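Here are a few short exercises to work through with the structure in view. Try each task before you read its solution.

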Amino acid sequence: MSAPAPGGARGGRPLWTGLGLAWAAAAVPLVLATFIGLNGWARVLVQITGVAISPWYTGGKVVRVIDHGAYRTHLHEPVFTGLLGPRKTGFVQVDLLTPEPAAATAAGGARGAARAAAVPDSVHLPGHLVESVDFDGDGAADFRLDVDTRVGTARVTAFNPRVLGVHEIIRFEHGLGLRVRLRNRS
Amino acid sequence: MADATLTAAAPHTLLKSSLLALPMVLLSGLMLLGGPNLPRDPLRLAPFLAVYLFVNVLFFRMLRTGRTERYRAAFFIPFAVAFVISFLSNLIEARGSMQLTAGDMASGRTPFCHMVIPMTLVPAALTRTIIFPGSLLRGFAPVAGMFVIWIGASLALGRGFCAWGCFFGGLEDGFSRLRRRPRVRHIAKVWSYLPYAVLVAIVLTSAASLTPTYCMWLCPFKAVTEFPALTSTVARFQAGIFLSLFLGLVIVLPVLTRKRTQCGLFCPFGAFQSFTNKVSPVDVRIDRERCTDCNKCVNSCPTFSLDRESADRGGTRLSCCKCGTCVDLCAKGAASYHVRGTPVGWAPERARLLFIYPAFLFLVTFGGGMLQEALHRVLLLASTGRMIR
């Protein structure tokens with residue numbers, strides 16, 4: 001380590017040399033702080049930025065829960081989120097969930113599929129469900145869902161011209177999620 | 001001019017190496033254990049002890065020999081293999097399959113990886129949403145946790161993350177070492193700009209579609225992690241792309257070229273991470289007074305980050321991963337780690353130490369857990385006949 005002193009023989013600037021060395025020396029504490037405080041930093045990051053997972057994946061916020069005894073209906077708010085403004089089309093998600101998560105294996109349809117594979121027996125939804133849904137909250141049903149939970153198919157009867165049809169059927173561990181394609185108001 | 005004591009690969013005495021290794025002995029124990037107590041389960045204790053010993057022997061050798069790259073690679077490559085073993089074991093335990101279903105995505109059960117970060121930034125800024133079907137804070141590999149690790153790595157290491165932290169990079173690093181000599185020696189420089197083009201393409205398409213397009217269509221590592229359930233023609237086509245890219249970029253081309261071709265010629269995250277080299281404290285420089293233009297560094301750089309022009313300018317290209325290959329190879333000590341703000345050629349060994357402490361600590365912390373988990377799974381297999389609990 002027989003090196004010339006910082007800022008010495010080869011023309012360095014002492015201030016920049018000192019700052020550079022300080023920054024380099026801070027790297028070890030930085031790595032330690034990153035990992036030791038990981039969960040805390042992660043929470044702070046989420047709070048500061050206010051970000052959430054895209055509703056195109058989560059289905060959006062649940063705005064209403066209807067308890068039918070044997071199962072519950074979770075109605076999500078319609079999703080039209082776009083990059084620079086709302087999109088022309090979107091979807092509303094309706095979850096049909098058993099009260100207790102069953103130990104079902106998850107294997108289901110890909111995005112866009114209108115038919116899911118056979119539902120495991122451990123998902124204790126009634127075999128056939130008919131559900132009227134008012135997604136815009138005006139007191140009138142906007143569509144009716146006719147769901148065969150055993151084979152994982154659904155039919156939509158639209159009462160509102162904004163309703164375009166079944167977009168996707170998602171199998172959860174404890175029920176089904178149905179996405180119904182919608183046209184935006186604008 | 002070629003004073004041996006000034007070269008970066010200056011070995012330390014046994015005593016000095018031992019003293020310099022002491023901080024890592026303490027810190028690696030702390031970070032590998034994650035708490036004050038040793039594991040009681042022998043199937044956990046044995047992997048911990050093995051990994052603890054392994055990493056400290058490597059770091060000691062790094063100090064004792066003055067060489068960086070071979071000991072980095074000795075951890076980096078098993079780290080990648082361990083990642084695949086531990087990731088797949090966890091995945092199959094939790095979900096029963098490598099296939100990612102719509103239900104998994106809607107439930108936020110997709111582990112987040114650093115490769116997604118560039119695609120999420122524009123949508124996050126404009127819609128305040130993360131376009132990834134994971135969880136922000138809960139579960140295995142949550143989004144916010146990976147962001148924190150990326151920020152820490154970027155500030156401390158810059159693109160050094162790609163040689164000291166990326167859990168995929170070790171796969172092609174390993175394959176690139178299978179042949180002693182390359183079969184393909186010349187790759188046109190223009191190809192090294194492809195990662196930037198891929199980066200621009202995936203950032204724009206992800207913003208427009210609000211889906212992480214690289215993950216959906218182009219990630220070679222889906223072949224060894226998880227992929228959309230093969231329930232449609234589109235999903236099968238996607239799987240075909242993943243497999244082809246993995247075979248081509250991670251296995252065949254690295255074997256033929258002895259380069260990390262996925263990192264150097266394709267990876268958009270690597271291109272994105274290159275810009276963080278501007279803020280990290282240590283880079284690699286070429287001392288023009290010592291350089292004899294032998295081109296060994298240019299020819300050996302695994303990520304195409306050195307060319308004649310950059311060497312003539314006294315540095316690397318922006319994409320340098322700080323792996324240490326050129327530093328170790330340069331007989332004249334012209335290539336060396338360099339602390340920003342200091343004169344070029346100033347105390348190269350001190351600069352190397354200032355880089356390898358945080359870099360190796362990062363590697364131990366990030367990779368050590370995966371190495372322990374993979375060893376645990378292997379012991380589980382040997383003792384019970386099953387890798388899955």
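**Exercise 1: a residue and its surroundings**

With 30 C-beta neighbours inside 10 Å, Met119(B) counts as buried, in what is a predicted model. Task: find which element holds Met119(B) and which residues Met119(B) is in contact with, leaving aside neighbours within four places in sequence.

Solution. Start with the burial call: a residue is buried if 20 or more other C-beta atoms lie within 10 Å of its own, so Met119(B), with its 30, is buried. Next, locate the residue: Met119(B) sits in helix 5 of chain B. Then list the contacts, without neighbours within four places in sequence: Ile131(B), Ile202(B), Val203(B), Ser206(B), Pro212(B), Thr213(B) and Tyr214(B). For a sense of distance, finish with Arg386(B), which is 267 residues from Met119(B) in sequence and 38 Å away, C-alpha to C-alpha.

**Exercise 2: where the chains meet**

Task: describe the side of chain B that touches chain A, beginning with how many residues of each chain are in contact.

Solution. Count first: 54 residues of chain A are in contact with 61 of chain B. Now look at which elements of chain B each supply at least two residues of that side: helix 4, helix 5, strand 2, helix 6, helix 9 and helix 17. Sorting the residues on this side gives 37 nonpolar, 18 polar and six charged. Last, follow the strands: strand 1 of chain A pairs with strand 2 of chain B in the parallel sense, over two bridges. There, Ala52(A) has Thr129(B) as its bridge partner.

**Exercise 3: domains**

Task: how far apart are the centres of domain 1 and domain 3 of chain B?

Solution. Mark the bounds: domain 1 covers 1-96 + 363-389, domain 2 covers 97-280 and domain 3 covers 283-346. Taken over C-alpha atoms, the centres of domain 1 and domain 3 of chain B are separated by 28 Å.

Methods:
Residues numbered from 1 in each chain as written. Chains lettered and ligands numbered in written order. Predicted model: local features only at pLDDT ≥ 70, side-chain atom pairs only at ≥ 80, totals over all residues. Contact = placed C-beta atoms within 7 Å. Helix = DSSP H or I, 4+ residues; strand = E, 2+ residues; numbered from the N terminus. Nonpolar A, V, L, I, M, F, W, Y, C, P; charged D, E, K, R; others polar. Pairing = 2+ DSSP bridges. Domains from an automatic or database assignment. Buried ≥ 20, exposed ≤ 12 C-beta atoms within 10 Å, placed from the backbone.
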